[in-house]
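Me: I would like to go through the labels attached to this model and see what supports each of them. Please set each value against its cut-off.

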Amino acid sequence: MPRRPEERLGVGVGGGDWKRTLVHQNRCVMFLQKKSNHVHHYLVTKQILKSYSLCSLLSVSSHWRHLVGCSRASLLGFSSTRRFAQHPSLAPLLAHLYIGRRAGCAPPPALSLVRAPRTVPRLLASDWCVRRGAERAGRAGWTETRSGRTDGWEFARVRGAPLSMSRLLRAFRRTLLLQTALAGRCRWIAARGLVSSPPTKSSKGGKEIELPAPFTKKWKDNAETVIIGGGCVGVSLAYHLAKAGMKDVVLLEKSELTAGSTWHAAGLTTYFHPGINLKKIHHYSIKLYESLEEETGQAVGFHQPGSIRIATTPTRVDEFHYQMTRTRWNVTPQFMISPEKVQELFPLINIDKVLAALHNPGDGHIDPYSLTMALAAGARFYGAELYFPAAVTGLSPRSDGKWNVETENGAIRANRIVNCAGFWAREVGKMIGLDHPLVPVHHQYVITSTIPEVKALKHELPVLRDLEGSYYLRQERDGLLFGPYEEKEKMMIQESWLTNGVPPGFGKELFESDLDRIMDNVECAMDMVPVLKKADIINIISGPITYTPDILPMVGPHQGVRNYWVAIGFAYGIIHAGGIGKYLSDWIMDGEPDYDLIELDPNRFGKWTTIKYAENKARESYGFNNIVGYPKEERFEGRPTERVSGIYEALKDKASMGFHAGWEQPHWFYKTGDDPGYRPSFRRTNWFEPVGRECEQVMKKVGVFDLTPFGKFSLKGKDSTKLLDRLIANVIPKLGYINISHMITPRGRVYAEVTISHLAEEDFLLVTGSGSELHDLRYIEEEATNGGYEVDIRNVTDEIGVLGVAGPFSRKVLQKLTKVDLNGTAFKFLQCKPLTLADIPLTAMRISYTGELGWELYHKREDTAALYHCIMEAGQEFGIDNFGAYAMNSLRLEKAFRSWGAEN
């Protein structure tokens, strides 16, 4: 006969009273109480919690926590939406589970969606509750719940004879109706969200018991926008679209809101970002979170004690000075402070190693679950529909640009879809033939028990970021929470997900923790904050977060697929959620966002971005999370890709290579006596003198530069001229000529800068920067489709190589290799001609970004090596030599040639 759960735990009926809260195989929760020599069992299954959505009636203040159906229940330890466990040792002693009020706390507000009075009757209080700090125990699949999240909730049972399943469910519904009535609304509120599956049945003793349907809403057959994924980013987008006035916004979540990475996030918020544009996203998010509770009536648990980034090396101090020059681009508050000020703000720190710090008032942390629920309440209030569980099973593009979205509950026809599916986003992309370069990474953070020194503080500690120790640390109640970013050799990637996909049932599970992997960071933290040495660890959270190759998310419409948008790859989703929701909403509603975020463009990754490359780069990016952010930074994992020009092998040992959209391109060249290699610095470094030498070479003699990484598009067809006239704020160049033009947005802003060559009647070659290749191509294709233009647009970037020859002797060098007259009257500035150079057919354009006399030579990529060697041989008598991107950039600045995206 199977042993009872308490026997499996190794506890019996003797030895005094005790209480335990257990979970079984992540499926159901059981409360055990031993009192008066009798063990009481209280079993609450996921199915019951899911069906009756206790969270729909109560929200939280800063001292409250939800027990939110299966969403909040995950914080009690169970995580999936599978049917509740059948365990041979469990009798059907199912108890009512109520949420009681914590003594001394104000009553929670009622659901803001219906604007009910901010009162809720106090419910029955039990003589036991789940306490923080309970030890883990486990036998035969039973494990004590995670602590620290349920403190203060009281659970009560209806005393008397055991209830049957059907009687219990009826009692649940009656009780919730009564609670709603007492809160000021005499009707059932199904605010948990639409669950559109038919009533489920569970078998007991061979008899089928029908459970009530959990909602009464009608399933929408059509939607303006369908958002796939119910994490904080997806819910934020639903909120912003609905608030902006879009009708028929539908969010589909496969299990429950916050499932995935949101629910276990540490919830950090900061104004800081090493870039410039993303500071705007952070700023908007924080301002939204500050006002969200007032708007929705739901508390979000937002703490704003500020943050401190500490510098313990002179190089880090240089970085902070550099960042202070960039912070004035935005309105975000940021100050450089002394070690003494650091200790004043964070009295528990050891300042022996601290040289300086960056202080951002207003930074802090937020409860990710409460944030998402508040956004969800706002989204519903403004008219959005949130359906879950509603897993997407298929996506089919229609000829009119719309989508058929298939789910287990029915189909929806959508004008556009937005993939916000977190670590499921790669699976969603594969439904339409895309393989998004997303990598699931294990991230751990540690929670301590109460620390007396922390408890004695009068004010909450600011969030601390020790960049050399590579960890963040914040106050968690009367203890501390710290999360490290271990080195790339130690960090862990969930490789099985890359090859086999995410397990179907994975939603709110966690990975096995591994303290050994982060011990170096833990020791650094204990050295910097000594009170950690005597703190007890009560919890280690190890959950999946999603990395892109360059750590930045992918946000916006995707090239090559009409009306398919993404907001995926968020390693820092909580601070990005609010701002990205607003950014995408503006873009969708108005046709363009308020500002450009090309660094987040999902099309920055092309076919060259293999999963192996993405894995290598994600490992590097995670390990470099707190590395010094130098100007002109280069990272070398995963290089080279398949994108190398025909002269890469000839140049790679002579030059410091840079990475541009998968291509390797020389930045500067070594000579005898130079210090070769990558030496980043905030001061003059090893490339300063060599780059000056290359500039002199081009200005006085002649130089050759590999320009193959340029993005290149062929535009042909009877409407080519009409399309270009629509796209650019310039006249169309005459046949045989080129010009530099700007593609404009619907509001007349600059979207991109392109060089247009008019090769033949209705035949154009468009050239753009390497970093905006697919960014620009998507916009051209979109305008051509929307306008019904009859054109053939081809991306020929990988087919065509380009060499630049510039300097006062460039004409003499090239004239030796061709019979075509290259003098100034025969081959004018901004003219393009087909010609043969050293028996190699090509298109020559008289233009040079250096500002010197020069040509760009467009040819078949397989001819690059032969062409290069012919030019170098012909130029020996003129002192020809190579030059790189750094020299070209310096030369174009001297000539006042502007670069799109680089100057104001």
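Reply: One point first: this is a predicted model. The side chain of Thr850 is a place to start, since it reaches the backbone nitrogen of Glu852 at 3.2 Å.

Me: What makes that approach of Thr850 to Glu852 a polar contact?

Reply: The cut-off for a pair of N or O atoms is 3.5 Å, and the distance from the Thr850 side chain to the backbone nitrogen of Glu852 is 3.2 Å. The side chains of Thr850 and Ser848 are also joined by a polar contact, of 2.7 Å, which is within 3.5 Å as well.

Me: Why is Thr850 called buried or exposed?

Reply: Thr850 has a relative accessible area of 1%. Buried means under 20%, so Thr850 is buried. Thr850 lies in the loop between strand S36 (840–845) and strand S37 (854–860). Apart from neighbours within four places in sequence, Thr850 is in contact with Val698, Ala806, Phe883, Met888, Leu891, Arg892 and Lys895.

Me: How do you know that Lys895 and Glu852 form a salt bridge?

Reply: Their side chains meet at 3.2 Å, N to O, and the limit is 4 Å, so the pair qualifies. This pair links distant parts of the chain: Lys895 is in the segment after helix H22 (885–894) and Glu852 in the loop between S36 and S37, 43 residues apart. At 28% relative accessibility, Lys895 is partly exposed, because that value lies between 20% and 50%.

Me: How many salt bridges does a search of the whole structure find, and what makes Lys534 and Glu453 one of them?

Reply: The search finds 42 salt bridges. For Lys534 and Glu453 the closest N and O atoms are 2.5 Å apart, within the 4 Å limit. Lys534 lies in the loop between helix H13 (519–528) and strand S23 (537–547), and Glu453 in helix H11 (residues 452–455), so the pair ties together parts that are 81 residues apart in sequence. Lys534, at 58%, is exposed, because the threshold for that label is over 50%. Glu453, at 26%, is partly exposed.

Me: What separates Asp586 and Lys582 along their helix?

Reply: They are four residues apart in helix H14 (residues 573–590), so about one helical turn separates them. Their side chains meet in a salt bridge at 3.3 Å, N to O. Asp586 is buried at 11%, whereas Lys582 is partly exposed at 30%; the 20% cut-off falls between the two values. Elsewhere, Arg316, Glu319 and Glu468 are linked in a network of salt bridges.

Me: Which members of the largest nonpolar core touch the most other members?

Reply: Ile227, Tyr547 and Ile580 do, in a core of 73 residues. A second, separate core of 35 residues includes Tyr387, Ala421, Leu438 and Val502.

Me: What makes S16 and S17 count as paired strands?

Reply: Five bridges join strand S16 (residues 392–397) to strand S17 (residues 403–407). At least two are needed, so they pair, and they run antiparallel. One of the bridges has Leu395 with Val405 in S17 as its partner. S16 and S17 form a hairpin with five residues between them, and Gly401 in the turn has a positive phi of about 90°.

Me: Why are S35 and S38 called edge strands?

Reply: The open sheet has six strands in the order S35-S36-S37-S34-S28-S38, with mixed pairing. Strand S35 (832–837) and strand S38 (881–882) each have a single partner strand, so one side of each is left without a neighbour in the sheet. S35 is joined to S36 by six bridges, running antiparallel, and Lys833 has Ala844 in S36 as its bridge partner. Helix H21 (residues 864–874) packs on this sheet, and its direction makes about 15° with that of S34.

Me: What makes Glu290 partly exposed, and which side chain does it join in a polar contact?

Reply: Glu290 has 36% relative accessibility, between the 20% and 50% cut-offs, so the label is partly exposed. Glu290 is found in helix H6 (residues 278–296). A polar contact of 2.8 Å joins its side chain to that of Gln304, which is within 3.5 Å.

Notes:
Residues are numbered from 1 along each chain as its sequence is written. This is a predicted model: local features need pLDDT of at least 70, side-chain atom pairs count only at pLDDT 80 or more; totals for chains, interfaces and linings use all residues. Side-chain values use heavy atoms; hydrogens and water are left out. Helices (H or I, at least four residues) and strands (E, at least two) are DSSP runs, numbered from the N terminus. Buried means under 20% relative accessible area, exposed over 50%, partly exposed in between (1.4 Å probe, protein chains only). A polar contact is a pair of N or O atoms within 3.5 Å; within protein, one must be able to donate a hydrogen and the other to accept it, and residues adjacent in sequence count only if both atoms are side-chain atoms. Contact means heavy atoms within 4.5 Å. A nonpolar core is a set of buried Ala, Val, Leu, Ile, Met, Phe, Trp, Tyr and Cys residues joined through side-chain atoms within 4.5 Å. Axes are lines fitted to C-alpha atoms, for helices over the stretch in contact, and angles run from 0 to 180 degrees between N-to-C directions.
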